[in-house]
Amino acid sequence: MQALKPEEFLNQLIATREGFWEKMNAERKSYGADKPLSAAVVLRRLQFGVVMERKAAEVTAPWVSKIPDLDLQQPMSEYVVNELKHTSILRKRITELNGDPDALWNGPLKELKELWDFHSSLGSLCELIASVQFGHEEFFPRTSKSFIERVMPIDPTTASIYRDTLLADEAGHEWIAPEILRRYATDAESQQKCLEALKKGCELFGRAIQSFNQSMPR
Ligand SMILES: [Fe+2]
Ligand SMILES: [Fe+2]
């Protein structure tokens, strides 16, 4: 098996990811992920965010020390800091809304736990990046866009947290994952492993989202 050129490899990952997105997006609509929001649903969504942000930081942190080039190591360490900062912001907002900030952190849904257990089991930096940052984290701005529109009329403070902080930081770190994959996943075997990791990560993410939506207070 021959290694793909970096751009061909990235295009392969993108095509796979977008295939999952199409499927997932159709499913989201079918279980009502785009319905109007209640205060209880907003709270639950924030609690889900706490898990996603904190786990992204936790599974990535051990790999920061393994990044060979400083021009990627430094922004990746800032990524970890940002995700933990987002965790704190979300926890604070939940407290203001009189909710339990760690409700899902302490009692995660089975599918959500499976997703993050998979990420922490990955054996290389590139597989982790393919699966988390280049994989389902790319969906975050898309699902947030619809969330912001719907939360705006009932809770503008939460809408602003998503729009002005979480999404703004997200846009700032989107370039790092493709650059890591371009630079370090250069042989056929690691490219193949990255593709498998992305597929599995997207699949588990889709299941976690489904289970989350189905567990939503009505
Ligand atoms: Fe974040
Ligand atoms: Fe992020």
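In the predicted model, helix α10 carries a long list of buried residues: Q191, C194, A197, L198, G201, C202, L204, F205, G206, A208, I209 and F212. These buried residues pack against α1, α2 (39-64), α5 (110-121), α6 and α9. Helix α10 itself covers residues 188-214. It has 27 residues. From its first C-alpha to its last, α10 reaches 39 Å, close to the 39 Å expected at 1.5 Å a residue.

Helix α1 is one of the partners of α10. It runs through residues 6-30. Its 25 residues should span 36 Å at 1.5 Å a residue. The end C-alpha atoms of α1 are 37 Å apart, so the span agrees with that expectation. The buried residues of α1 are F9, L10, L13, R17 and M24. They pack against α6 (125-131), α9 and α10.

The chain as a whole is helical in its secondary structure, with 10 helices and zero strands. Read along the sequence, the pattern is α-α-α-α-α-α-α-α-α-α. The C-alpha trace spans about 55 × 35 × 30 Å along its principal axes. A compact globule of 218 residues would have a radius of gyration near 17 Å. The chain has 17 Å, and therefore agrees with that value. Of the 218 residues, 35% count as buried. Contacts reach far along the sequence. Among those with a separation of 6 or more, 85% join residues 24 or more positions apart.

In soluble globular proteins, nonpolar side chains tend to be buried together. The largest nonpolar core here has 49 residues. Those with the most contacts inside it are C126, I129, A130, L181 and C194. C194 is also among the buried residues of α10. I129 shows how such contacts are made up. Leaving aside neighbours within four places in sequence, I129 is in contact with F134, A177, I180 and L181. L181 is thus both a contact of I129 and one of the core residues with the most contacts.

E174 offers a view away from the core residues. It lies in the loop between α8 (156-173) and α9 (176-184). E174 is partly exposed, because 14 other C-beta atoms lie within 10 Å, whereas a buried residue needs 20 or more. The C-alpha atoms of E174 and A56 are separated by 14 Å. These two residues are 118 residues apart along the chain.

Definitions and conventions
Residues numbered from 1 in each chain as written. Chains lettered and ligands numbered in written order. Predicted model: local features only at pLDDT ≥ 70, side-chain atom pairs only at ≥ 80, totals over all residues. Helix = DSSP H or I, 4+ residues; strand = E, 2+ residues; numbered from the N terminus. Buried ≥ 20, exposed ≤ 12 C-beta atoms within 10 Å, placed from the backbone. Rg over C-alpha atoms; globule rule 2.2 N^0.38 Å. Contact = placed C-beta atoms within 7 Å. Expected span 1.5 Å × (residues − 1). Core = buried A, V, L, I, M, F, W, Y, C linked by C-beta atoms within 7 Å.
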